[in-house]
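Take a moment with the sequence and the model below. Then follow the chain step by step.

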Amino acid sequence: SAREDLLGSALDALIDELGGPKAVAEMTGRKARMVRTRPASSRWCLQLRAKPESSEMEQLNVVERNEFMRGSKLVAIISDAASTGISLQSDSSTASASGRPSSGEIVAAWPRTRSVGTHA
């Protein structure tokens, strides 16, 4: 494909380093992402996360959250845009075999008060 020479974004690279889409629950609202064509390959390709303009897109964050809560995905990445209504609190019905999900947090701040592309 003509897009195989493109690199992924910093988020794509982070997901790749953490085990790829099969290991990372991504709750960002992104419609597509760049993934490696093969493990350890230097080539990336565009992967749709859900069928465009379908109900799959609306349910994608819920599906990803459920996979994390079941323990089938061990890492969860949540963007500010997708965080409303998402809870990763564990309970006995969703805990994985290893016990309750553990978490760490990386916050990429984007100051809402900063004007972008404006001049005084």
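Along the sequence, the protein chain runs in the pattern α-β-β-β-α-β. That gives two helices and four strands. The model is a predicted one. Of the 120 residues in the protein chain, 23% count as buried. Now take the contacts in the chain with a separation of 6 or more: residues 24 or more positions apart account for 52% of them.

Start with helix 1, which covers residues 10–17. Asp12 is found in this helix. Is Asp12 buried or exposed? Its relative accessibility is 4%, and because the cut-off for buried is under 20%, Asp12 counts as buried. Its side chain takes part in two polar links. One reaches the backbone nitrogen of Ser9 at 3.0 Å. The other is a polar contact of 2.7 Å with the side chain of Arg30. Setting aside neighbours within four places in sequence, Asp12 is in contact with Arg30, Arg33, Met34 and Trp44. Arg30 therefore appears both as a contact of Asp12 and as its polar partner, while Asp12 itself is buried.

After helix 1 comes a loop that leads to strand 1, and Lys22 sits in it. Lys22 is exposed, with a relative accessible area of 77%. Which residues does Lys22 touch, not counting those up to four places away in sequence? They are Ser72 and Lys73. Lys22 also has a C-alpha atom 10.0 Å from that of Val75, 53 residues apart along the chain.

Strand 1 spans residues 24–27. Val24 belongs to this strand. Val24 is buried, and its relative accessible area is 0%. Beyond its neighbours within four places in sequence, Val24 is in contact with Ile15, Leu18, Glu64, Lys73, Val75 and Ile77. One of these partners, Lys73, is 49 residues away along the chain. Yet the C-alpha atoms of Val24 and Lys73 are separated by 5.4 Å.

Next, look at the loop between strand 2 (32–36) and strand 3 (44–48), where Ala40 has its place. Ala40 counts as exposed, at 82% relative accessibility. Its backbone stands out in one respect. Phi of Ala40 is near 65°, a positive value in a residue other than glycine.

Ala40 and Lys22 both help to line the second largest pocket. How can such a space be found? Rolling a probe the size of a water molecule over the atoms shows where empty space is left. The second largest pocket has a volume of about 240 Å³. Its lining includes Asp16, Gly19, Gly20 and Pro21, along with Val35, Arg36, Thr37, Arg38, Pro39 and Gln47. By class, the lining has four nonpolar, four polar and four charged residues.

Move on to helix 2, residues 55–70, which holds Asn61. Asn61 is buried, with a relative accessible area of 17%. This value falls in the buried class because the cut-off is under 20%. What is Asn61 in contact with, leaving aside its neighbours within four places in sequence? The partners are Glu26, Met27, Thr28, Gly29, Ala82 and Ile86.

Asn66 lies in helix 2 as well. Asn66 counts as partly exposed, at 27% relative accessibility. Its side chain joins that of Arg65 through a polar contact of 2.9 Å. Asn66 and Ala25 are 41 residues apart in sequence, but 8.8 Å apart in space, C-alpha to C-alpha.

Ala25 brings us to the last stop. Which residues make up the largest nonpolar core? There are five in all: Ala25, Met27, Phe68, Met69 and Ile86. Strand 1 and helix 2 are the elements that give two or more residues to this core. In soluble globular proteins, nonpolar side chains tend to be buried together. Two members of the core, Met27 and Ile86, are also among the contacts of Asn61.

Note on methods:
Residues are numbered from 1 along each chain as its sequence is written. This is a predicted model: local features need pLDDT of at least 70, side-chain atom pairs count only at pLDDT 80 or more; totals for chains, interfaces and linings use all residues. Side-chain values use heavy atoms; hydrogens and water are left out. On a 1 Å grid over the protein atoms alone, a cavity is a set of points where a 1.4 Å probe fits but cannot get out, and a pocket is an open set with protein on both sides within 12 Å along at least five of seven lines; lining residues have an atom within 4 Å of a point. Grid points are joined across faces, edges and corners, and a volume is the space filled by probe spheres set on the points. Ala, Val, Leu, Ile, Met, Phe, Trp, Tyr, Cys and Pro count as nonpolar, Asp, Glu, Lys and Arg as charged, and the others, Gly among them, as polar. Buried means under 20% relative accessible area, exposed over 50%, partly exposed in between (1.4 Å probe, protein chains only). Contact means heavy atoms within 4.5 Å. A nonpolar core is a set of buried Ala, Val, Leu, Ile, Met, Phe, Trp, Tyr and Cys residues joined through side-chain atoms within 4.5 Å. A polar contact is a pair of N or O atoms within 3.5 Å; within protein, one must be able to donate a hydrogen and the other to accept it, and residues adjacent in sequence count only if both atoms are side-chain atoms.
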